[in-house]
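Biologist: I should like a close look at a single part of this model, together with the elements that surround it. Please treat it in one connected account.

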Amino acid sequence: MDLTGRSIHIVHTDHLYVVQTENEWFAIPVRLLSQNREMQLKEILGSQNGQMTKLLITK
């Protein structure tokens, strides 16, 4: 998927990345990513100048 020129927003927790483009949503479970792939995902999403929000969920 090409994100060039699209407005994106990323919300992530310790367990999940949710990527929102103009009219699409993608959920990526962290458990499916190796540490290297997670770092690559952060680099790709960060290079798109999107807004990234980390949610902390506590009990």
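In which strand is the place of His12? Please proceed from there to what surrounds it.

Modeller: The model is a predicted one. Within it, His12 belongs to strand β1, which comprises residues 9-12. His12 has a relative accessible area of 9% and is therefore buried, the cut-off being under 20%. Leaving aside residues up to four places away in sequence, His12 is in contact with Tyr17, Met52, Thr53, Lys54 and Leu55. Between the C-alpha atoms of His12 and Ile28 the distance is 9.3 Å, with a separation of 16 residues in sequence.

One of the contacts of His12, Lys54, leads to the salt bridge. The side chain of Lys54 meets that of Asp14 at 2.9 Å, N to O. Asp14 is in the loop between β1 and β2, whereas Lys54 is in strand β4, so the pair ties together parts that are 40 residues apart in sequence. Asp14 counts as exposed because its relative accessibility is 52%; Lys54, at 42%, counts as partly exposed. The count of salt bridges in the model comes to one.

Another contact of His12, Tyr17, leads to helix α1, since Tyr17 is also touched by Glu38, and Glu38 lies in that helix. Helix α1 runs over residues 35-47, 13 residues in number. From its first C-alpha to its last, α1 reaches 18 Å, close to the 18 Å expected at 1.5 Å a residue. Buried residues of α1 are Glu38, Leu41 and Leu45. These residues cover an arc of only 60° around the axis, and therefore lie on the same side of α1. The general background is that an α-helix has 3.6 residues a turn, so residues three or four places apart point the same way. The cover over the buried residues of α1 includes strand β1, to which His12 belongs, as well as β2 (16-20), β3 (25-29) and β4 (51-54).

Glu38 deserves separate mention. Although buried, Glu38 has no salt bridge. The nearest side chain of opposite charge is that of Lys42, at 4.2 Å, whereas a salt bridge requires a nitrogen-oxygen pair within 4 Å. Besides Tyr17, Glu38 touches Val30 and Leu33, again not counting residues up to four places away in sequence. Just after α1, Asn49 adopts a positive phi of about 55°.

Definitions and conventions:
Residues are numbered from 1 along each chain as its sequence is written. This is a predicted model: local features need pLDDT of at least 70, side-chain atom pairs count only at pLDDT 80 or more; totals for chains, interfaces and linings use all residues. Side-chain values use heavy atoms; hydrogens and water are left out. Helices (H or I, at least four residues) and strands (E, at least two) are DSSP runs, numbered from the N terminus. Buried means under 20% relative accessible area, exposed over 50%, partly exposed in between (1.4 Å probe, protein chains only). Contact means heavy atoms within 4.5 Å. The expected span of a helix is 1.5 Å times one less than its number of residues. The arc is that of the directions from the helix axis to the C-beta atoms. Lys and Arg count as positive and Asp and Glu as negative; His and the chain ends are not counted.
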